[in-house]
Amino acid sequence: MSKSTTKVRIVFDCSAKCNGISLNDVIHAGRKLQRELFDVLIRFRHNLVALVCDIQIEAEDGPLFQILWRDGETDRNPDVYKFSRVVFGKNSAPMQAQFVAQEHARRHRPDYPLAAETVLQSTYMDNSLDSVEEDEKGIEPYHQHKSLWAKAGMHARKWVSNSAKVMASKLEEDRARGEHKGQ
Amino acid sequence: MNIRDNKDAVMTTLRLQWKSTEDILAVPATPPPLDYSITKRNALKKIATVFNPLGLVTPFIVQAKTMLQELWNRGYDWVEEIQDKVANRSQLWFLQLSSLAYVKIPCCLQNQ
């Protein structure tokens, strides 16, 4: 888990049973969409210039999954909460997160081929790890990832490379856009 | 992440430690406390904490796996304290776990 961006992550027990049935019993987990960890790591180690970032995945279907909560006050109507993130603990969570990311990449592949390739081939849950042959090829993926996720109102965060050149040009650009803080 | 302030930035990516500036992977592990009782259950528990998806530390892990196998062959129960010579080998292996932190795996073996 990434400590710098996530202080606390709530995991809901969606297998908790009520009258003998849990949420996970009645929803479909979907199929496993994430790449094999081994494959992702091999791609990450394949070329000299390594690139890493993580994706902040947000679900836009909040209204479809809400919880009612009244904080033990049984004499009032419950408050309605909806989620702005994928809910951990739901058996379909991994599929949802991967599907959102991969479908988004597929739709925008013509505009951002490098970023799309990484999302589709070299991403494990919210971690993208990849590598390119040389420094010069390391900065273009950065642009593409940023633009790709901006299109969905999401963010590629914590961009790190082993190449000082790539990191320097990233910093330069962030500074030019006034974004050097808080990343 | 600010690389200017973190020259030796170590980040954890997919539960592997990656020292990005030197492009080195590490597989750190914590040895158990000295009074850790060696049972089949405890041995397995500790061995399983070493995350080894790329097989980089397999030469070390495999020693522990053969020890476990031996414990099975000798018919130990899950919670039974191991009393024979395998116990010593296990102790030694557990001690060496801390050395795992010193193993650094560079990315490419070719000339750069």
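In this predicted model, the largest nonpolar core has 30 residues, and those with the most contacts inside it are A:A50, A:V52, A:A116 and A:L148. Such a core is a set of buried Ala, Val, Leu, Ile, Met, Phe, Trp, Tyr and Cys residues joined through C-beta atoms within 7 Å, where buried requires 20 or more other C-beta atoms within 10 Å of a residue's own, with C-beta atoms placed from the backbone. Several elements of chain A give two or more residues to this core, including those tabulated here.

| Element of chain A | Residues |
|---|---|
| α2 | 37-46 |
| β3 | 49-56 |
| α3 | 93-107 |
| α5 | 139-150 |

Helices (H or I, at least four residues) and strands (E, at least two) are DSSP runs, numbered from the N terminus. The strand β3(A) gives the most to the core, with six residues. Apart from this core lies another, of five residues, among them B:A43, B:L71, B:Y76 and B:I82.

Between the chains, 13 residues of chain B are in contact with 15 residues of chain A, contact meaning that C-beta atoms, placed from the backbone, lie within 7 Å.

In chain B, strands β1 (residues 10-13) and β2 (residues 16-19) pair in the antiparallel sense over four bridges, pairing being assigned if DSSP finds at least two bridges between two strands. B:T12 stands opposite B:Q17 in β2(B), while B:L14, in the hairpin of these strands, takes a positive phi near 50°.

Residues are numbered from 1 along each chain as its sequence is written, and chains are lettered from A and ligands numbered from 1 in the order in which they are written. Local features need pLDDT of at least 70 and side-chain atom pairs count only at pLDDT 80 or more, whereas totals for chains, interfaces and linings use all residues.

Notes. Two residues are in contact if their C-beta atoms, placed from the backbone, lie within 7 Å. A residue is buried if 20 or more other C-beta atoms lie within 10 Å of its own, exposed if 12 or fewer, and partly exposed in between; C-beta atoms are placed from the backbone.
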